[in-house]
Each structure stands twice: as structure tokens, then as C-alpha cells.
Amino acid sequence: MTRTGFVHQALCYGSDDEFLEGTLEFTLDGLDSGDVVLAVAKDHNITLLESAVGTRAHDVEFVDADDWYRYPSRTLGQYHAYCADHGPDRRVRIIGEPVWAGRTEFEAREWTRYESLLNVAFADSGHWIVCPYDTRTVPADIVHTATRTHPELALGARISASSSRYTAPADFYAECDAAGPAGRLPDGADDIPFGRGRSAALRAAVAAYARLSGMPEQRTYDMVAAVHEVVANAVRFGGGGGVLRLRSDPDYLICEVADDGAHNSPAPARFPGHLPPAKRAAGGHGMWVVRQLSDLVAEDLGPAGSTVRVYFRRPGDLTPRPAA
């Protein structure tokens, strides 16, 4: 299986045999070619593949999907860092099986967005990612969406085909935005207006809210840092001020930063904060950092005003919920 350029395939399987048919030769060919091979899958599939690979299993890095697929932006960051560390001069082959059980509609949408964005994040690389979807347990609409977020379908050992339903990442991203949280949160008596010179007071307010909600100290620090970065952007690009709203729902603590924009506000970046910025890039680091610190982010950016909502999973519910 000699390929050049980035390859991103969905493997829709309905049995253990079909899973192995789509992953075993992929793994062995990678090892024979001198590629780095990373298998991120559910525990049962790790056992299957490890046994099938046999004595060469020690050359494959196996990772439980539940540990890897926690939040989409951080997962993309993990893959980016892994490929940078292990494969700057070598192809990295990845079996990456997302976790779909227990996801809310919002969470599932952001994971499908993540799958689409992989096509942009690794477009200039030579890496190869196969994403298994278990049709026995993954909802049918998620399986269908996989044919839109993956340019190719893996159909078995050494066999693949282009996906006729594949959707360009920019178009898929726009669909996700259209289906996402609309508008701003309702005004509240405890909303916090901000402007230049108010950053210390805002950080203190966010820290107090996080601690009152029982957030661990590290996640409190992350929340404060993420909100500070969003507020700094609002002050710089959104007319010099705005309002911070601190809310919660059954799953998350929510911090919303809204501004009224400015006539000279820059046009929104393409895929803002989703793609790793170049190390020496003059800009583009802020929203990437926000996404790496937060669990989920929703944004509506524009010169007429921007809203950025960062989500942190509530204490005591720090892992995806099991399927009902």
C-alpha cells in the first residue's frame, strides 16, 4: 500500500473480522515500510489488533481511545504534537477511533467538525489516518457523516474508494456553525462589563466562579487563562470592551465574552483557533491556546460584534458519559 500525500479514510465495520480486515494489513504494511504506527482504539479492538499483529506488536504504540478522545481541539493538538515528535521525516500511520458513546448533540457535532478539520490540519503532510466506525454501536447519522468528513472509504485490506459524499471542510464548518448555539446568552444581573485595564478584576471573578463551582485548581487556572485570552482579543479587536457572562448548564460551566465590534475589526480567520499556528507566526496563537485550554468553544466572529463561548466540564463529570 504505497501512497503519497496525506490520506484520511473512514473504515465502517460491522464485525471484529471487518475491523481486522481494515486495520491489520494497514499496520503491517506500515511497519514494513518503516512508518511510525499509532493505534488509538477502544480496548476490545486494541486486544484484537495486538493479537493479530503478534510478535511485532511491540513496534506499534497502542492507546485506549477513552484516554485520547476527550475533547476535539485538544485531540487534534495531541495528534499534531505526536506527528511532529515522531514523524518529521517519516510517515505516521494512525488508526484513530473516535468515542461517540454518551456524546450530547453539541459534543457530537464538534467531533464531526474535528474529523473534517483533520483534512486541513494535515493537508501538507504525508501522514495516513484510518478512522474506524463500528456500525453496530455508532449512531447511523454519525456513520453517514463520516462519509462527508473523510475523502476516502477503507473497504478492506488494501482496498479503498473515494467518498462521493465528501464535503469540503470550509462548507462542512459553515454547516456546523449554522447548527450550533445561536445568539448570545441572556443578560443577567451579575454580568461583568469590561474595558481596557479591567483584566485583573475579570480574572478574579472567573477564578471565584470556578472555585465556587468546585473546579479543581488546575482547571480553574485553565479557565482563567482561556477567558483572559478571549477578553484580550475583544479589547484589541472588538472596540475596546464588552461583557463577560458566567453561566452553567447540567454539563458545563460556560464563560461568554461578547463585544460590539469596531469598524476596523479584522475579518474572521478561517477555522479560527482550530489549526496549530506556525511557531514563528506573528498571530493566530490566541484562539489556538483558548481551544487547547477549554473543553469546547463556540464562536460567532465578525466586525459587527463577536461572541466567544468557552465550556469547561463540570467537576465530578470530567469524562464522557457512558451510553444510556
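## Sheet architecture

In this predicted model, seven strands form an open sheet in the order E3-E2-E4-E5-E1-E6-E7, and their pairing is mixed. The edges are occupied by strand E3 (61–64) and strand E7 (159–162); each has a single partner strand, so one side of each is left without a neighbour in the sheet. From one strand to the next, the twist averages 25°.

At the E3 edge, E2 and E3 run in the parallel sense and are paired over four bridges. Within this pairing, Ala39 has Phe62 of E3 as its bridge partner.

## Nonpolar cores

The largest nonpolar core comprises 34 residues, and Leu38, Val40, Trp68, Tyr69 and Tyr79 have the most contacts inside it. Two or more residues each are given to this core by strands E2 (36–41), E4 (92–96) and E5 (128–134), and by helices H3 (65–68), H4 (72–86), H5 (105–121) and H6 (140–149). H5 provides the largest share, five residues.

Leaving aside residues up to four places away in sequence, Trp68 touches Leu38, Val40, Val63, Thr75, Gln78, Tyr79 and Tyr82. A second core, separate from the largest one, has 28 residues, including Tyr209, Val227, Val231 and Met287.

## Confidence of the model

The protein chain has a mean pLDDT of 91, with 94% of its residues at 70 or more. Residues 318–324 have a pLDDT below 50; in the model this stretch makes 15 contacts beyond near neighbours in sequence.

Definitions and conventions: Residues are numbered from 1 along each chain as its sequence is written. This is a predicted model: local features need pLDDT of at least 70, side-chain atom pairs count only at pLDDT 80 or more; totals for chains, interfaces and linings use all residues. Side-chain values use heavy atoms; hydrogens and water are left out. A nonpolar core is a set of buried Ala, Val, Leu, Ile, Met, Phe, Trp, Tyr and Cys residues joined through side-chain atoms within 4.5 Å. Buried means under 20% relative accessible area, exposed over 50%, partly exposed in between (1.4 Å probe, protein chains only). Contact means heavy atoms within 4.5 Å. pLDDT is the predictor's confidence in each residue, from 0 to 100. Two strands pair if DSSP finds at least two bridges between them. Axes are lines fitted to C-alpha atoms, for helices over the stretch in contact, and angles run from 0 to 180 degrees between N-to-C directions.
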